[in-house]
Amino acid sequence: MKYNTRNIGIIAHVDAGKTTLTERLLYYTGMIHKIGNVDDGNTTMDKDIQEKNRGITISSAAISTQWKKDQNVFNINIIDTPGHIDFAVEVERSLRVLDSVVAVFCASSGVQPQTENVWFQAEKHGISKICFINKMDRIGADFFAVLNEIKTKLNAIPLALQIPMGSEDNFEGVIDLIKQKALYWIDENGETIVEKEIPESYQSEANDWRIKLMETLAEFDEKFFEYFLDSETHISEEMIIEAIQRTCQSRSIVPVLCGSAFKNKGVQPLLDAIVNYFPAPNQLPFVKANDAKTEGTIELQRNKEETFSGLVFKVVIDKHMGKLAMLRIYSGKIKSGDTIQNVRTGESFRISRILQMQSDKTLTIEEGKAGDIVALTGIKDAKTGDSLSSIERPVLLESITIPAPVIRVSIEPKTNADEKYFGLVLAKIQEEDPSLVVERDRQTGETLLSGLGELHLEVTLEKIRLNHGIEINQGKPKVSYREILTETRRHREKLSKQNGGSGQFADITFEIGPREDNEIGLKFINQIKGGVIPNEFISSIEKGFREAMENGALSGNPLESMKVTLLDGSTHSNDSHALDFEIAARDGFREIAKSCKPKLLEPIMQVEIQSIEEYTGVVTADINKRRGIITSIDEKSGRKIFAAEIPLASTFGYISDLRTLTSGRASISMKLSHYALVPDLIANTLIT
């Protein structure tokens with residue numbers, strides 16, 4: 001059976017023209033009948049109010065469309081992803097379920113920092129890529145310079161399938177090196193393509209690039225190498241197309257096309273390239289999964305006869321349809337009315353509807369099969385990264401990595417009237433974006449919102465305001481500090497109360513101090529002998545200490561780790577209860593922890609900065625200024641890569657500061673590395 005499905009993503013740096021290109025792809029495939037523009041705020045993919053206002057894509061929109069080629073109809077599922085680093089989770093979860101990506105480059109800006117980040121994210125997932133060099137009509141457009149940057153900065157082997165005729169205001173069309181024809185777009189909407197002979201002035205350049213195309217294919221494809229060497233063989237267009245298909249799918253080369261999406265030039269050949277060169281789901285290797293019962297590794301075939309398995313890559317809450325689970329089906333098939341299982345929760349549920357997403361519209365379909373990207377209704381507890389499978393054979397697919405949040409702010413609704421909806425709205429946005437964490441500060445009672453960066457939180461708060469009508473007061477960004485005990489002390493805690501009838505009694509002697517094994521959490525050692533404290537109370541004592549760790553003696557921050565050895569104690573035959581021992585443990589901790597010389601720990605971020613040689617000095621000086629330690633400086637594809645450890649407290653505003661310092665020529669990515677002692681000088685200012 002031939003699968004005419006392609007699951008593709010569109011990745012790029014902010015402002016390379018991704019959304020405009022997607023808009024054109026939808027127009028030429030007949031999905032939309034009027035072309036939208038980002039500048040006019042009327043694009044199909046950016047439906048969110050903020051996306052229109054900011055001109056950026058925040059949540060990855062999914063859409064299904066069809067492209068007819070040579071009597072075949074191809075179903076193309078497109079996911080348009082954000083280009084901004086704060087939305088890395090959106091890109092990550094899209095790449096996890098895609099088979100291939102179109103990387104869009106601006107012809108004048110070339111390979112930009114975030115392009116590199118998403119490119120290497122795509123590399124990690126092992127997916128095929130095609131490059132589209134967009135904005136050929138822009139001032140400074142240089143197709144060949146960008147081609148070279150793809151080679152040097154992205155460590156890829158670019159294969160030009162086209163070369164442009166002219167650039168900037170003189171961009172006329174493209175030369176198809178496979179067909180050896182010049183292509184012109186003659187009407188305003190770019191629907192009519194005229195094929196002509198290659199103009200004389202481009203003849204020799206086109207010949208050179210065609211030879212280069214065949215030499216590159218011969219180098220990376222054995223079959224083509226044989227044709228190329230055999231002087232008797234006439235190399236046909238089919239031979240070239242098949243060789244490009246093989247090398248693109250094995251990821252040894254990256255086909256490159258060009259055009260101007262805004263001027264409606266070059267889009268149809270890109271659609272042809274997508275269906276010609278990208279793999280169909282059944283052409284990919286078997287799906288690796290874990291059998292939920294035996295925990296052994298299994299391989300599933302990507303066809304509809306196999307047992308059903310799928311991965312929830314996004315949860316969307318729709319005003320009209322409620323909760324939608326966006327699902328990539330890897331194997332088997334599902335019909336509405338089928339009962340399937342969420343492997344994480346172990347719960348079974350009945351599928352009420354299967355929907356095909358068409359950006360903001362939906363189409364109800366009867367069946368979803370291997371390779372499809374669909375949305376399901378009626379799934380209560382689905383979370384990003386959940387595996388859904390048949391009840392007979394529950395399988396766990398590799399989940400989606402969600403980075404830990406690095407920044408938090410305190411938030412509250414401006415009016416009391418919004419108070420009752422506030423919690424519901426926060427629960428809703430957390431379901432949609434798993435990289436957000438909402439918690440309550442035990443000391444102050446404040447609601448804290450944590451996220452991946454300042455823009456991430458800003459967009460989230462704006463979303464609450466615009467989509468839910470709740471105005472919010474917010475505090476300054478905060479760091480999550482922790483505490484640690486540095487000395488061991490011995491203590492006896494006795495609780496004895498009579499309050500008429502049954503009293504309260506607990507008596508414990510324990511040693512408390514730091515762990516020696518550098519592990520996190522509570523290490524609890526029970527050394528009670530002769531049953532002086534009955535076993536049923538021991539777990540309550542441990543629970544009391546575990547709860548006490550949530551509020552340290554120094555600044556009320558949680559303890560990173562602690563060791564408690566229970567040495568001795570006594571009970572009362574009538575007055576001792578489990579809760580009394582829990583209270584004694586909590587009181588004992590509060591009483592003695594201060595004398596164990598507690599110290600403050602701060603989160604240290606592992607920071608990677610990519611820049612160019614000339615900014616090495618300023619980047620290094622800035623890291624030092626932020627109390628950072630450079631762990632390595634490497635060079636990759638002509639870029640300097642700094643790895644450093646920097647306290648989180650010193651990273652607020654870092655992205656914009658770095659942009660200013662390096663004229664936008666540096667990119668930064670951060671993730672939590674570990675907690676380390678805060679220098680005394682700084683700790684004194686933090687502890688009040």
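Which residue does Arg 465 meet in a salt bridge? In this predicted model, the partner is Glu 471, and the N to O distance between the two side chains is 3.9 Å. Arg 465 is partly exposed, at 32% relative accessibility, and Glu 471 is likewise partly exposed, at 36%. This pair is a convenient way into the charged contacts of the structure, for which the count comes to 34 salt bridges.

Two further pairs deserve a look. Arg 328 forms a salt bridge with Asp 99, and the closest N and O atoms lie 2.8 Å apart. The two residues come from distant parts of the chain, 229 residues apart: Arg 328 sits in strand S15 (residues 322–331), while Asp 99 belongs to the loop between helix H3 (88–97) and strand S4 (100–106). Arg 328 has a relative accessible area of 0% and is therefore buried. For Asp 99 the value is 4%, so this residue is buried as well.

The second pair joins Asp 221 to Arg 246, again with 2.8 Å between the closest N and O atoms. Here the separation along the chain is 25 residues, with Asp 221 in the loop between helices H6 (200–220) and H7 (222–229), and Arg 246 in helix H8 (residues 237–249). Asp 221 counts as buried because its relative accessibility is 8%, whereas Arg 246, at 28%, is partly exposed. Salt bridges can also be followed beyond single pairs: Lys 543, Glu 547, Glu 582 and Arg 586 are linked in a network.

Turning to the nonpolar interior, the largest core has 60 residues, and Phe 105, Ile 133, Phe 143 and Ile 150 are those with the most contacts inside it. Helix H5 (residues 143–154) supplies the largest share of this core, namely five residues. Ile 133 shows how the surroundings are built up: leaving aside residues up to four places away in sequence, Ile 133 touches Phe 105, Ala 107, Phe 143, Val 146, Leu 147, Ile 150, Val 256, Leu 257, Cys 258 and Gly 259. Apart from this core lies another, of 43 residues, which includes Leu 25, Ile 178, Val 267 and Ala 273.

Val 267 and Ala 273 lead on to helix H9, where both are among the buried residues. Helix H9 spans residues 267–277 and is mostly covered, with ten of its eleven residues buried. Besides those two, the buried positions of H9 are Gln 268, Pro 269, Leu 270, Leu 271, Ile 274, Val 275, Asn 276 and Tyr 277.

Terms used. Residues numbered from 1 in each chain as written. Predicted model: local features only at pLDDT ≥ 70, side-chain atom pairs only at ≥ 80, totals over all residues. Heavy atoms only, no water. Core = buried A, V, L, I, M, F, W, Y, C linked by side-chain atoms within 4.5 Å. Buried < 20%, exposed > 50% of the residue type's maximum accessible area, 1.4 Å probe, protein only. Helix = DSSP H or I, 4+ residues; strand = E, 2+ residues; numbered from the N terminus. Contact = heavy atoms within 4.5 Å. Salt bridge = Lys/Arg side-chain N within 4 Å of Asp/Glu carboxyl O.
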